[in-house]
Amino acid sequence: MTENSWAKGRIAFISGATSGFGHALARRILAAGGKVIATGRRADRLAAFAAEAATPNLLTLQLDVTKPTEITAAIANLPPAFQAIDILFNNAGLALGIKGAHEASLQDWDTMIATNISGLVHLTHAILPGMVSRNRGDIINVGSVAGSYPYPGGNVYGATKAFVHQFSLNLRADLLGKNIRVTSFEPGMCETEFSEVRFAGDKAAAAKVYASAKPLSADDVALTIEGFLRLPSHINVNTIEIMPVCQAFSPFAVHREN
Ligand SMILES: NC(=O)c1ccc[n+]([C@@H]2O[C@H](COP(=O)([O-])OP(=O)(O)OC[C@H]3O[C@@H](n4cnc5c(N)ncnc54)[C@H](OP(=O)(O)O)[C@@H]3O)[C@@H](O)[C@H]2O)c1
């Protein structure tokens, strides 16, 4: 494999390619000669990406992962040149709100579960049989450090990411004997649109999350993923957790009466 050919001949399906990690990985794969099916809800972002990339290696599809019929139709109607998906970057996801469980919005909880769990599961269910029939594939499920380390206000978001971790390991168990790799990719703080979404568009609140720190960038994430997509095909990265150096752990919180 030459330095820049790692993606040649590979077709990646990316959920959440309109910003952040998904967009950065899509750009890296295209730059290395691979094909990308870039999906997301925002049609204007997809159109801008298609115009900027201006390559037949990019197919953009408007897709809401919380709508199972859209997923089924998208996979059933892929043009022949994009049907043999090699890489599934199961990335579409979001955190909504930071309130304690007793104050949080039930609608926000439902949306996180529908996107981070059901959306990821439905995409896997739609794409995995093709990978198995071709006996080839890479599934990268985007979890989070929030799936391992609890924090106040992380309630349902962290729980959805714990699901991603265990689902990924269970897929490995089912896929024994097949040439299909599965990775649970679990990053820490990364500056994308993530916090703006979490704080319902409040840019000032989002900016505070990253103030005076050096968080990961979306391209740091894409570079890390490129690293394990480049590994020889018999190596499976089961779980990978990355953080910026400026982020670490706190002691347990103890409530004291006085
Ligand atoms: N940034 C962090 O600090 C961090 C840390 C750990 C894990 N993560 C995880 O990383 C993943 C990517 O996040 P990001 O940081 O890149 O955030 P981002 O910039 O907000 O990107 C999220 C992407 O998900 C898509 N998306 C959301 N809901 C969707 C839906 N119902 N259907 C289809 N696409 C949907 C969005 O596209 P549309 O709005 O156009 O649909 C967008 O492209 C998420 O799963 C997130 O939980 C992020």
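Which of the 29 residues around the ligand come nearest? In this predicted model, the answer is Thr18, Ser19, Arg41, Tyr157 and Thr192. Here's a quick tour of the ligand's surroundings, followed by a look at serine 144, which touches one of those residues, Tyr157.

**Around the ligand**
- The shell is a mix: 13 of its residues are polar, 11 are nonpolar and 5 are charged.
- Several polar contacts involve the protein backbone. One pairs a ligand nitrogen with a polar backbone atom of valine 65, at 2.9 Å.
- On the oxygen side, a ligand oxygen sits 3.2 Å from a polar backbone atom of glutamate 193, and an oxygen atom of the ligand is 3.5 Å from a backbone N or O of phenylalanine 194.
- The ligand on its own would expose 870 Å², and the protein buries 96% of that.
- As for secondary structure, helix H1 (20–31) and helix H5 are the elements that give two or more residues to the shell.

**Serine 144**
- Look for serine 144 in the loop that runs between strand E5 (137–142) and helix H5 (155–174).
- Is serine 144 buried or exposed? It's buried, because its relative accessible area is 6%, below the 20% cut-off.
- The serine 144 side chain has a polar atom 2.8 Å from the backbone nitrogen of alanine 146.
- Leaving aside residues up to four places away in sequence, serine 144 touches Tyr157, Lys161, Phe185, Glu186 and Pro187.

**Where the two topics meet**
- Tyr157 is on both lists: it is among the residues that come nearest to the ligand, and serine 144 touches it.

Conventions: Residues are numbered from 1 along each chain as its sequence is written. This is a predicted model: local features need pLDDT of at least 70, side-chain atom pairs count only at pLDDT 80 or more; totals for chains, interfaces and linings use all residues. Side-chain values use heavy atoms; hydrogens and water are left out. Helices (H or I, at least four residues) and strands (E, at least two) are DSSP runs, numbered from the N terminus. Buried means under 20% relative accessible area, exposed over 50%, partly exposed in between (1.4 Å probe, protein chains only). A polar contact is a pair of N or O atoms within 3.5 Å; within protein, one must be able to donate a hydrogen and the other to accept it, and residues adjacent in sequence count only if both atoms are side-chain atoms. Contact means heavy atoms within 4.5 Å. A residue is near a molecule or strand if one of its heavy atoms lies within 4 Å of it. Accessible areas come from the Shrake-Rupley method with a 1.4 Å probe; for residues, only the protein chains shown count as cover. Ala, Val, Leu, Ile, Met, Phe, Trp, Tyr, Cys and Pro count as nonpolar, Asp, Glu, Lys and Arg as charged, and the others, Gly among them, as polar.
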